[in-house]
Amino acid sequence: MIYICESFIICLLDLFSKHHINNTLKRGEKRELLPEKLYFINTKNTGIAYNRLEKRPNAVKIITSFITALFGMFFFGLIGDKNASEYLKMGSVMAFGGALGNMIDRLKNGCVTDFIYIKAVKKFPIFNLADVFILFGAVIMAFSDIFKH
């Protein structure tokens with residue numbers, strides 16, 4: 001039950017951060033956090049990763065909902081597996097919570113709010129907390145699998 005609560009908290013953190021950005025910054029508005037390095041910029045992503053399929057919003061909703069549902073089945077199977085490592089479970093908690101946050105945002109608003117921009121890296125995408133949780137969750141799961149004994 002604790003893993004489900006943790007995923008739910010991650011999802012809520014993501015949704016709250018997007019709500020906060022939407023209430024404090026107009027679309028396209030930028031706020032500098034670290035001079036010439038880190039910004040909040042309120043953007044909308046109607047596509048998948050780098051706005052792929054942005055002209056096909058219904059396809060994007062179907063694809064992301066399907067992928068999130070599949071990962072949800074994996075997540076619920078994994079957290080019940082007594083032989084699965086704690087690292088694998090924690091990675092899945094993070095990834096599922098993030099995926100759920102993005103899916104809810106997309107289904108509710110027709111797009112995902114992205115707002116974190118790191119200018120120090122050329123061509124770096126604008127992303128959100130859900131993306132951070134998904135990335136770190138996937139990395140933890142991969143390392144858990146690579147280094148299992």
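How many bridges join β2 to β3? In the predicted model described here, six bridges join these two strands, which run antiparallel. Because the model is predicted, local features are reported at pLDDT of at least 70 and side-chain atom pairs only at pLDDT 80 or more, whereas totals for chains, interfaces and linings use all residues. Residues are numbered from 1 along each chain as its sequence is written, and side-chain values use heavy atoms, with hydrogens and water left out.

The strands are considered first. Helices (H or I, at least four residues) and strands (E, at least two) are taken as DSSP runs and numbered from the N terminus, and two strands are said to pair if DSSP finds at least two bridges between them. On this basis, three strands form an open sheet in the order β1-β2-β3, with antiparallel pairing. The edges of the sheet are occupied by β1 (30-34) and β3 (112-118); each has a single partner strand, so one side of each is left without a neighbour in the sheet. On average, neighbouring strands of this sheet are turned by 30 degrees against each other, direction ignored. These angles rest on axes that are lines fitted to C-alpha atoms, for helices over the stretch in contact, and they run from 0 to 180 degrees between N-to-C directions.

Strand β2 (residues 38-45) is joined to β1 by four bridges, and the two run antiparallel. Individual partners can be named across the sheet. Y39 in β2 is the bridge partner of E32, and the bridge partner of Y39 in β3 is Y117. R31 stands opposite F40 in β2. In a regular strand the side chains alternate between the two faces of the sheet. With respect to accessibility, residues are classed as buried under 20% relative accessible area, exposed over 50% and partly exposed in between (1.4 Å probe, protein chains only). Strand β3 is mostly covered, five of its seven residues being buried.

The connection between β1 and β2 is a hairpin with three residues between the strands, in which E36 takes a positive phi near 60 degrees. This value is found although E36 is not a glycine. Most residues other than glycine have a negative phi, and most peptide bonds are trans. E36 counts as partly exposed because its relative accessible area is 49%.

The salt bridges form the next topic. A salt bridge is defined as a side-chain nitrogen of Lys or Arg within 4 Å of a carboxyl oxygen of Asp or Glu, and the structure holds three of them. One is formed by the side chains of E36 and K119 (3.0 Å, N to O). This pair links distant parts of the chain, with E36 in the loop between β1 and β2, K119 in the loop between β3 and α4 (129-146), and 83 residues from one to the other. K119 is likewise classed as partly exposed, because its relative accessibility is 38%.

Another salt bridge joins D14 to K18, with the closest N and O atoms 2.7 Å apart. Both belong to helix α1 (residues 2-24) and, because they are four residues apart, they are separated by about one helical turn. D14 counts as buried at 0% relative accessibility, and K18 is buried with a relative accessible area of 2%. K18 also meets D105 in a salt bridge (3.6 Å, N to O). This contact links distant parts of the chain, since D105 lies in helix α3 and K18 in helix α1, 87 residues apart. D105 is buried, as is K18. Through shared partners, salt bridges join D14, K18 and D105 into one network.

Helix α3 (residues 86-109) has 24 residues and spans 34 Å from its first C-alpha to its last, close to the 34 Å expected at 1.5 Å a residue; the expected span is 1.5 Å times one less than the number of residues. The helix is followed by G110, whose phi is positive, near 80 degrees.

A nonpolar patch on the surface is formed by L53, I63, F66, I67, L70 and M73, with about 580 Å² of accessible area together. Patches are made of residues with over 30% relative accessible area and no salt bridge, like charges being joined within 9 Å and nonpolar side chains (Val, Leu, Ile, Met, Phe, Trp, Tyr) within 5 Å. Accessible areas come from the Shrake-Rupley method with a 1.4 Å probe, and for residues only the protein chains shown count as cover. F66 is found in helix α2 (residues 57-79) and counts as exposed because its relative accessibility is 54%.
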